[in-house]
Amino acid sequence: MLTNTPTVPDERVWQELVDALTRRQFGIGAGMAAVATILSSCSSSDGSGADDDAQMRTVTTPLGTYDIPTNPKRVLAVDARTDLELAIALELPVFGYNISPVTKWDPADGSAEYLSDKPNLEQILGLAPDLIICVNADNEYWPAAKLQAIAPVLTTESKQTWRENLTRLSDWLGRTPTMDRLITDYDALITDIRTRHASAIAGKTVASLSYSPDKATIYIDSCPCRRKRERRIVNPPT
């Protein structure tokens, strides 16, 4: 049987992995090949790979076509909003995330640890994820392509709705029944709210507000226009 304990390479192998990930002219194809070769030398040869937990499925994402585990054990969700919330909704075993600490309402229940704002490739490598969920970008906050050299990456899109992202992730992971249950419960909840508060919301425009105490700024995302607005508060609430 496989365990959840990550395999830690020896010092020489570790340095080779770090070098492959951080060399100046990092090429994703060459980097992935180098890391895969090094990691394969660390893998067990006791035949445990035949276990159901080791089964893979082939997916095609914006990063290409490759295999992902059908039953991942250690999932990293890079973005604390787009990635983490969807991973938890799909009942994935998330051990860590980046960008910013989650707020109290997030149902991470302490099982997912905040790692850092900008993903650190060496740190993530040492934590040995078997699947990574990351916004489809190529910068220091969302280095999706570079993370592919550590573990398979499933991407989310910052300009797509949560339903669209959830649908794609569930399709890739083969978790459509879980998504269908979530959507059914969500739609039932929204219908109930609209019914109970019909008179209060009739003819009204609903706006979603988020407040940043550090910047003394309210962020507004209103419907139906969905244009993001920013309003500076001279005397922020205490």
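Which residue in strand 2 stands opposite Thr 60?

## The paired strands

In this predicted model, the residue opposite Thr 60 is Thr 65 of strand 2. Strand 1, residues 56-61, pairs with strand 2, residues 64-69, in the antiparallel sense, and the pairing extends over 6 bridges. A hairpin of 2 residues provides the connection from strand 1 to strand 2.

## The nonpolar cores

The largest nonpolar core comprises 23 residues, and Leu 92, Val 94 and Leu 154 have the most contacts inside it. At least two residues of this core come from each of the following elements: strand 2, strand 3 (75-79), helix 3 (82-89), strand 4, strand 6 (131-135), helix 6 and helix 7 (176-196). Helix 6 gives the most, with 4 residues.

When neighbours within four places in sequence are left aside, Leu 92 is in contact with Pro 72, Val 75, Ala 87, Ile 133, Leu 173 and Arg 175. A second core, separate from the largest one, has 14 residues, including Leu 76, Leu 121, Ile 124 and Leu 147.

## Helix 6 against helix 7

The axes of helix 6 and helix 7 come within 8 Å and cross at roughly 155°. Because angles over 145 degrees count as roughly antiparallel, the two helices are described as roughly antiparallel to each other. On the side of helix 6, the contact is made by Trp 162, Arg 163, Leu 166, Thr 167, Ser 170 and Asp 171. On the side of helix 7, Thr 176, Met 179, Ile 183, Tyr 186 and Asp 187 take part.

## Ser 170 in helix 6

Ser 170 lies in helix 6, which spans residues 162-173. Ser 170 has a relative accessibility of 0% and therefore counts as buried, the cut-off being under 20%. The side chain of Ser 170 reaches the backbone oxygen of Thr 167 at 2.9 Å. Apart from neighbours within four places in sequence, Ser 170 is in contact with Leu 90, Arg 175, Thr 176 and Met 179. Two of these residues, Thr 176 and Met 179, also belong to the helix 7 side of the contact between the helices.

## Asn 98 in strand 4

Asn 98 is located in strand 4, residues 94-98. Asn 98 is likewise buried, with a relative accessible area of 0%. Residues up to four places away in sequence are not counted among its contacts. Asn 98 touches Leu 76, Ala 77, Val 78, Asp 79 and Ala 80, and also Tyr 114, Leu 115, Ser 116, Asp 117, Lys 118 and Pro 119. One of these residues, Leu 76, is included in the second core.

Key: Residues numbered from 1 in each chain as written. Predicted model: local features only at pLDDT ≥ 70, side-chain atom pairs only at ≥ 80, totals over all residues. Heavy atoms only, no water. Buried < 20%, exposed > 50% of the residue type's maximum accessible area, 1.4 Å probe, protein only. Contact = heavy atoms within 4.5 Å. Polar contact = N/O pair within 3.5 Å; in protein donor to acceptor, adjacent residues only side chain to side chain. Pairing = 2+ DSSP bridges. Core = buried A, V, L, I, M, F, W, Y, C linked by side-chain atoms within 4.5 Å. Axes fitted to C-alpha atoms, helices over the stretch in contact; angles between N-to-C directions. Parallel < 35°, antiparallel > 145°, perpendicular 65-115°, else oblique.
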